[in-house]
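Good morning, and thank you for letting me have this slot. I would like to walk you slowly through one protein chain, and I would ask you to keep the picture in view while I talk.

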Amino acid sequence: MKYVAYLVLMLATPAFGEPAYYEAFDFNNCLHWKITNEMHGDNLSNEPKQYIEALNLANRQPYSRHKKMSADKFDRMYRDHPNDVVVVYSAYAYDKNEKKNIDKYGVCNYTSGFTCLPNQDFPLAGASYKKARSKGVLTTSVCVAGCTGAPAALHYMGYENMDGERNIEREVAFGKFRKLCGRAP
């Protein structure tokens with residue numbers, strides 16, 4: 001029974017189970033961010049310094065998904081503190097003006113909304129998002145706090161979307177991005 005409860009928790013939200021994929025558009029800087037909570041490996045010697053810094057920040061929080069712990073303690077953490085569990089997210093964009101890829105890492109929580117810790121070099125730092133009414137199967141969240149400098153919306157793109165699920169709000173934002181920035185992301 002304990003393992004069934006754990007499995008339900010792991011599959012309940014993107015932060016608990018399989019990787020989740022998001023997209024966000026920074027119209028002011030013409031950056032199309034692709035954001036994921038996909039876990040990195042245990043070999044930290046191959047990871048960028050910025051990822052290690054984000055991982056250390058996550059592990060300084062009381063409820064970090066990245067801390068080494070027993071299965072029982074892990075279950076208890078998600079059961080007793082589901083809105084406090086933090087995860088390292090990766091954000092990637094291509095800067096056309098600088099002609100380079102941008103990789104950033106940040107610590108966020110996704111359970112009752114999507115909130116990122118402040119004071120990070122991360123496109124969503126300090127911002128909080130809540131799900132909005134969406135037209136497609138895949139949802140969009142809008143920024144409700146800490147929005148200065150953060151993308152106005154966060155578009156959930158699912159995991160291995162093989163069923164043709166759509167995020168209509170993302171499609172509209174993509175069209176706006178192409179019009180304003182003169183290119184496809």
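Let me begin with a question about one detail: why is the disulfide of C143 and C147 left-handed? The torsion about its S-S bond is about -105°, and therefore this disulfide is left-handed. I will return to the cysteines in a moment, but you should know early on that what you are looking at is a predicted model.

So how confident is the prediction? The chain has an average pLDDT of 85, and 88% of its residues score at least 70. The stretch of residues 1–16 has a pLDDT below 50, although in the model this stretch still has 28 contacts beyond near neighbours in sequence. Where pLDDT is low, the predicted coordinates should not be read in detail.

Now to the overall architecture. The chain contains 4 helices and 8 strands, and if you follow the sequence from start to end you meet them in the pattern α-β-β-α-α-β-β-β-β-β-β-α. The 8 strands close into a barrel, in the order β1-β2-β3-β4-β5-β6-β7-β8, with antiparallel pairing. On average, and with direction ignored, neighbouring strands of this sheet are turned by 30° against each other. As a reminder for those who are new to this, strands of a sheet pair through backbone hydrogen bonds, either parallel or antiparallel.

Let us go around part of that barrel, strand by strand. Strand β1, residues 21–26, pairs with strand β2, residues 31–36, in the antiparallel sense over 6 bridges, and within that pairing Y21 has T36 of β2 as its bridge partner. From β2 we pass to β3, which runs antiparallel to it and is joined to it by 3 bridges; here K34 has Y92 of β3 as its bridge partner. Then β3 and β4 pair, again in the antiparallel sense, over 9 bridges, and one of the partnerships to look for is Y94 with N101 of β4. These two strands, β3 and β4, form a hairpin with 4 residues between them, and in the turn K99 has a positive phi of about 55°.

What, then, lies against the strands? Helix α2, residues 49–59, packs on the sheet and touches β3 (87–95) and β4 (100–110), with a direction that makes about 5° with that of β4. Helix α4, residues 168–181, lies across β1, β2, β7 (140–145) and β8 (153–158), and runs at about 35° to β1.

Back to the cysteines, as I promised. The structure holds 3 disulfides, and if we count the bonded cysteines along the chain, they follow the pattern 1-6, 2-3, 4-5. C30 and C181 form a disulfide with their sulfur atoms 2.2 Å apart, and with -95° about the S-S bond this link is left-handed. Because C30 lies in the loop between β1 and β2 while C181 lies in helix α4, the pair ties together parts that are 151 residues apart in sequence. Another disulfide joins C108 to C116, at 2.1 Å from S to S, and this link is right-handed, with 95° about the S-S bond. Its two cysteines are both buried, C108 with a relative accessible area of 0% and C116 at 3%. The disulfide I opened with joins C143 to C147, at 2.2 Å from S to S; there C143 is buried, with a relative accessible area of 15%, whereas C147 counts as partly exposed at 29%.

Finally, let us look at the interior. Of the 185 residues of the chain, 43% count as buried. The largest nonpolar core has 24 residues, and the members that touch the most others are Y22, I35, Y89 and F114. At least two residues of this core come from each of β1, β2, β3, β4, β5 (114–116) and β8, and β3 gives the most, with 4 residues. Apart from this core lies another, of 9 residues, with A54, L55, L57 and A58 among them. As for β3 itself, the strand is mostly covered, with 7 of its 9 residues buried.

I would leave you with β3 as a place to start when you look at the picture again, since tracing the neighbours of one strand is good practice. Thank you.

Technical notes: Residues are numbered from 1 along each chain as its sequence is written. This is a predicted model: local features need pLDDT of at least 70, side-chain atom pairs count only at pLDDT 80 or more; totals for chains, interfaces and linings use all residues. Side-chain values use heavy atoms; hydrogens and water are left out. Two strands pair if DSSP finds at least two bridges between them. Axes are lines fitted to C-alpha atoms, for helices over the stretch in contact, and angles run from 0 to 180 degrees between N-to-C directions. Contact means heavy atoms within 4.5 Å. A disulfide is a pair of cysteine sulfur atoms within 2.5 Å. Buried means under 20% relative accessible area, exposed over 50%, partly exposed in between (1.4 Å probe, protein chains only). A nonpolar core is a set of buried Ala, Val, Leu, Ile, Met, Phe, Trp, Tyr and Cys residues joined through side-chain atoms within 4.5 Å. pLDDT is the predictor's confidence in each residue, from 0 to 100.
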